[in-house]
Amino acid sequence: MPDLFAFELQDVSYHYRVGELSLQGINLKIRAGERVVLLGPNGGGKSTLQKIIAGLIFGEGKFTAYGRAITAEVMRDKDFAAAYRRKIGFVFQNSDVQLFCATVLDEIMFGPLAMGMGYAEARQRAQELLDFVGISALAERMPQHLSGGEKKKVAIAAVLAVNPDALILDEPTNGLDPKTQRWMITTLNALHRSGKTLLVATHNLDLVPEIADRVIVLGENHQMIVDGSPDRILNDRALLLEANLIDEYCPY
Amino acid sequence: MSIKHSGALPKYLTYNEQQQLPIARKAWWQRQDYLEKTLVDIHRVIVENLYQKDVCLHPSFLQRLEPRVKVLGAIFLIVMSALTRDLFNLAVFQGILLLVALLSGLRLKSYLGRVWLPALGVSGVAVLPAIFSWITPGEVWLVIYHDLSLQIGSLVLPKELAITQQGLTVAAFVLLRTVTSLGLVILLMATTRWDMITKALGNLGMPGILVMVLDMTYRYLFLFLLLLGDYILGRKSRVVGGEQYRSRLSWIGSALAGFLRLLVEYSREISAAMIARGYTGEIHSGLSQSPGRREACFFIIVIIIGIALWGGEWFARLICI
């Protein structure tokens, strides 16, 4: 399926109540295997858009993922919802909200066991992931006792444990030390090379050239301002200022 | 601790499974998941708060008044409604409250729902047995059964069951007093920003520490509600297979534990931040607005209505004279 769109949004809006939009008229197509970065100011609607794509909240307009319309009604079918969640991995900005098991190992094995994998295979998969993200020594630790960077690694490992086709990450480098940030960039690119679709929301403009094929900018009016290549967008100082992504003293 | 990454992706991650999504089955009826329901409730609370913020800022009748006058007026009328022995006056007062709600830009449906639903659900249910002759004997208003021998186990029921006028009066008093108190509190809260209410309470003599606790509770309640919403979404995003009831219960347990832990962490941080900003235990709060002629007129009207509510027939006779 070379030309399959992973996600298609047609005139998608979301509001908490009438007149209070957090996302307005989004038209967007993301191909399978693309690396897309969402840029925008605080409150611009990046997280809302990601949650709609992850099938966690539902807006107005038409949203299709891998050829299927995603609505509140279809997500009520538990089998469909489980298949969708397996296909789309979501890494939240606040890792605390998605880590709920007693130990790091349980956390990573939760997904594989839930999708019916045998214990031995799930355990082996978890060990591979622990080695991959470099937290083998933390396997028996409680997630809440870890540092921010370690929690983020556990959250990523837990999401990767079900081998999703698409990964949605909300501010993945926020609060990480430079070494862990570099690890994150390397990991995301390795996942991209293996064919994963990436949709990353960030404020960090330095991250963009390293992890994006395409950049989408959401404005303070909750609309999509521009959709283009990283070079084009990062070199458009007026646009970055308009979108409140830089200030006048910023070197960009 | 030194952390070593293996570098290479695990083999299973080097390919996409490319499984097609199944076709969703349409369910004609499905019970709403309680976690979903919690999410919906959180959303509702946030929307209601946004609506309330708009109503507070709307330059309507009650919004223009100084908060202290509104607080005192509400307290005075609540006391008067508790003292009154005239049902008719209480009923008329409901009309006045409704009129004030409309003049202050509140939606009728929202006001009635917030006042009458809890009143009927709590006081209404509690007072329901009082309308029957078994609890409140008196003049019969409606006979339910007469001259019938009923026995449940060893319990022999009286031969007659009726609704009595005295019972109805007692129930109506309890219900209308509840509705009056709730209506007044809702009018006050819907037309006054929370920080203004707490400042007014502080100015009227409530200890500063209590005012601060009320302020912070409101602020952090929302923070934790939002966090709870994210907790539920975080779990939802990872449910990739059939879920067992036991696993859900265990999640709820761990989520509660997580919340308590966060509460403790937040409390420590907040306390440190307050001390860093010079908090010494003394609270200084003030209101920029001062009572003027408008507030004086309002308070006189409130006193007249309050006395009318309490005085009943005596007041009506006084006015006639």
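Which residues of α6(B) are buried? I would like to begin there, and to keep in mind throughout that this is a predicted model. The buried residues of that helix are B:Ile197, B:Thr198, B:Lys199, B:Ala200 and B:Gly202, and what covers them includes α2, which runs over residues 67-83, together with α5 and α7, these three helices belonging to chain B. After α6(B) comes B:Gly205, a residue whose phi is positive, near 110°.

Let me step back to chain B as a whole. Chain B has ten helices and four strands, and if you follow its elements from the N terminus, they run α-α-α-α-β-β-β-β-α-α-α-α-α-α. Of its 321 residues, 20% count as buried, and among the contacts in chain B with a separation of 6 or more, 82% come from residues 24 or more positions apart.

Now to one pair of helices in this chain. Helix α3 of chain B, residues 87-103, packs with helix α5 of chain B, residues 165-191, at an angle of about 25°, and their axes are 10 Å apart. Because angles under 35 degrees count as roughly parallel, α3(B) is roughly parallel to α5(B). The crossing of these two helices, α3(B) and α5(B), is left-handed. On the α3(B) side the contact includes B:Leu87, B:Leu90, B:Phe93 and B:Leu97, while on the α5(B) side the residues they meet include B:Ala172, B:Phe173, B:Leu176 and B:Leu187. By class, the contact of α3(B) with α5(B) has twelve nonpolar, four polar and one charged residues.

Next, α7(B), residues 208-236. With 29 residues at 1.5 Å a residue, this helix should span 42 Å, and its end C-alpha atoms are indeed 42 Å apart, which agrees. Its buried residues are B:Val211, B:Tyr231, B:Leu233, B:Gly234, B:Arg235 and B:Lys236, and they pack against α6 and α8 of chain B, and also against α1 of chain A, residues 46-53.

That brings us to the contact between the two chains, in which 52 residues of chain A are in contact with 39 residues of chain B. On the chain A side, β1, α2, α3, α4, α5 and α6 each supply at least two residues, and α2(A) gives the most, with eight residues. The residues of chain A on that side divide into 27 nonpolar, nine polar and 16 charged.

Notes
Residues numbered from 1 in each chain as written. Chains lettered and ligands numbered in written order. Predicted model: local features only at pLDDT ≥ 70, side-chain atom pairs only at ≥ 80, totals over all residues. Axes fitted to C-alpha atoms, helices over the stretch in contact; angles between N-to-C directions. Parallel < 35°, antiparallel > 145°, perpendicular 65-115°, else oblique. Left-handed = near helix turned anticlockwise from the far one by under 90°. Contact = placed C-beta atoms within 7 Å. Nonpolar A, V, L, I, M, F, W, Y, C, P; charged D, E, K, R; others polar. Expected span 1.5 Å × (residues − 1). Buried ≥ 20, exposed ≤ 12 C-beta atoms within 10 Å, placed from the backbone.
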